[in-house]
Amino acid sequence: AYSPDGRQIATISRNMLLVFDAKTGEELRRWVGHKASVEQIAFSPDGKLLASASVDGTIGLWDPATGKERKRLKASDSVKSFAFSRDGKTLIAVNRDRRVQTWDLDKGVVLSSYQPTLRMSMPLVSPTGDYLAYFEGDSNYRPNAFLHWSHARTGKTFPPIDLHRNKVDKDGGFEPEGTVANAFAFSADSKLLATSDSLQTHSIRTILSDHTIRVWETATRKEILRLSN
């Protein structure tokens, strides 16, 4: 994770956190942050906090300049995705038990907690903490081609983005072609969303072809750019 000013890079190695000078590569500091492996890290918008989420179900808040722990939050399960809010006052996390929790970072208390109706595959909180996006499913293997998303803090849902490029006639019970979604990512300001998908053609064998990256406006959910092949 880059610091907001781009001068430092934070990395993880099992249960250890390391901070480097982004220009020279010099290691500035390292410390053990958790009893188990760390899987997620993020800087606060002002760069004064570095958050780390571990499979032990805790989120550590650190001073990146010293490595000193400022606060520790207890999640309902190990964290799959998290982000600071735009003003840096709250932190939103999606946990392995599908619960979405929001903390007041000054008080260290949970402000809201809910579970989406759909089972989430590849959940991702946008960098500004505004949105939660996910595919529906129980695993990361071939999620369906509808990208669901909602307001991360309240759980209010928005219409999903339909990634199907070729509509298929299902009357015969056979789908000659479909779309397989592979991945997605938000821009740093959460205003854009990039998706990656492939066409799935059924012939003698199943073939994935025409790998495509598409960019969408989050405010309108309209596709504005497509890069194919």
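This report describes strands, sheets, a core, a pocket and selected residues of one predicted structure.

The model is predicted, and for that reason local features need pLDDT of at least 70 and side-chain atom pairs count only at pLDDT 80 or more, whereas totals for chains, interfaces and linings use all residues. Residues are numbered from 1 along each chain as its sequence is written, and side-chain values use heavy atoms, with hydrogens and water left out.

**The sheet from β8 to β11**

Strands are DSSP runs of E with at least two residues, numbered from the N terminus. Two of them pair if DSSP finds at least two bridges between them. One open sheet has 4 strands in the order β8-β9-β10-β11, and their pairing is antiparallel. Its edge strands are β8 and β11 (109-114), each of which pairs on one side only. From one strand to the next, the twist averages 20°; axes are lines fitted to C-alpha atoms, and angles run from 0 to 180 degrees between N-to-C directions.

Within this sheet, β8 and β9 pair in the antiparallel sense over 5 bridges. Ser81 stands opposite Val94 in β9, and Phe84 stands opposite Leu91 in β9. The two strands form a hairpin with 5 residues between them, and Gly88 in the turn has a positive phi of about 75°. Strand β8 is mostly covered, since 5 of its 6 residues are buried. Here buried means under 20% relative accessible area, exposed means over 50%, and partly exposed lies in between (1.4 Å probe, protein chains only).

**The largest nonpolar core**

A nonpolar core is a set of buried Ala, Val, Leu, Ile, Met, Phe, Trp, Tyr and Cys residues joined through side-chain atoms within 4.5 Å. The largest one has 15 residues, of which Ile59, Leu61, Phe82, Phe84, Leu91 and Trp103 touch the most other members. At least two residues of this core come from each of β5 (50-54), β6 (58-62), β8 and β9 (90-95). Strand β8 gives the largest share, 3 residues.

**The sheet from β12 to β15**

A further open sheet of 4 strands has the order β12-β13-β14-β15, with antiparallel pairing. Strands β12 (120-125) and β15 (157-162) stand at the edges with a single partner strand each, so one side of each is left without a neighbour in the sheet. Neighbouring strands of this sheet are turned by 20° against each other on average, direction ignored. Inside the sheet, β13 (residues 131-136) and β14 (residues 146-151) run antiparallel and are joined by 5 bridges. One residue pair concerns Tyr131, whose bridge partner in β14 is His151.

The edge strand β12 contains Leu124. This residue counts as partly exposed, at 26% relative accessibility. The C-alpha atoms of Leu124 and Ala185 are separated by 7.9 Å, although the two are 61 residues apart along the chain.

**The largest pocket**

On a 1 Å grid over the protein atoms alone, a pocket is an open set of points where a 1.4 Å probe fits, with protein on both sides within 12 Å along at least five of seven lines; lining residues have an atom within 4 Å of a point. The largest pocket holds about 500 Å³ of space, a volume being the space filled by probe spheres set on the grid points, which are joined across faces, edges and corners. Of its 23 lining residues, the closest to the centre are Ala42, Phe43, Pro127, Thr128 and Ala188. Strands β4 (38-43), β8 (79-84) and β12 each supply at least two residues of the lining. By class, the lining has 15 nonpolar, 7 polar and 1 charged residues. In this count Ala, Val, Leu, Ile, Met, Phe, Trp, Tyr, Cys and Pro are nonpolar, Asp, Glu, Lys and Arg are charged, and the others, Gly among them, are polar.

**Selected loop residues**

Most residues other than glycine have a negative phi. Arg14 has a positive phi of about 60° although it is not a glycine, and Ser190, also not a glycine, has a positive phi of about 65°. The table gives the place and accessibility of these residues and of Lys68.

| Residue | Loop | Relative accessible area |
|---|---|---|
| Arg14 | between β1 (8-13) and β2 (16-21) | 70%, exposed |
| Lys68 | between β6 and β7 (69-74) | 52%, exposed |
| Ser190 | between β16 (177-186) and β17 (192-202) | 2%, buried |

Lys68 and Glu39 are 29 residues apart along the chain, and their C-alpha atoms are separated by 19 Å.
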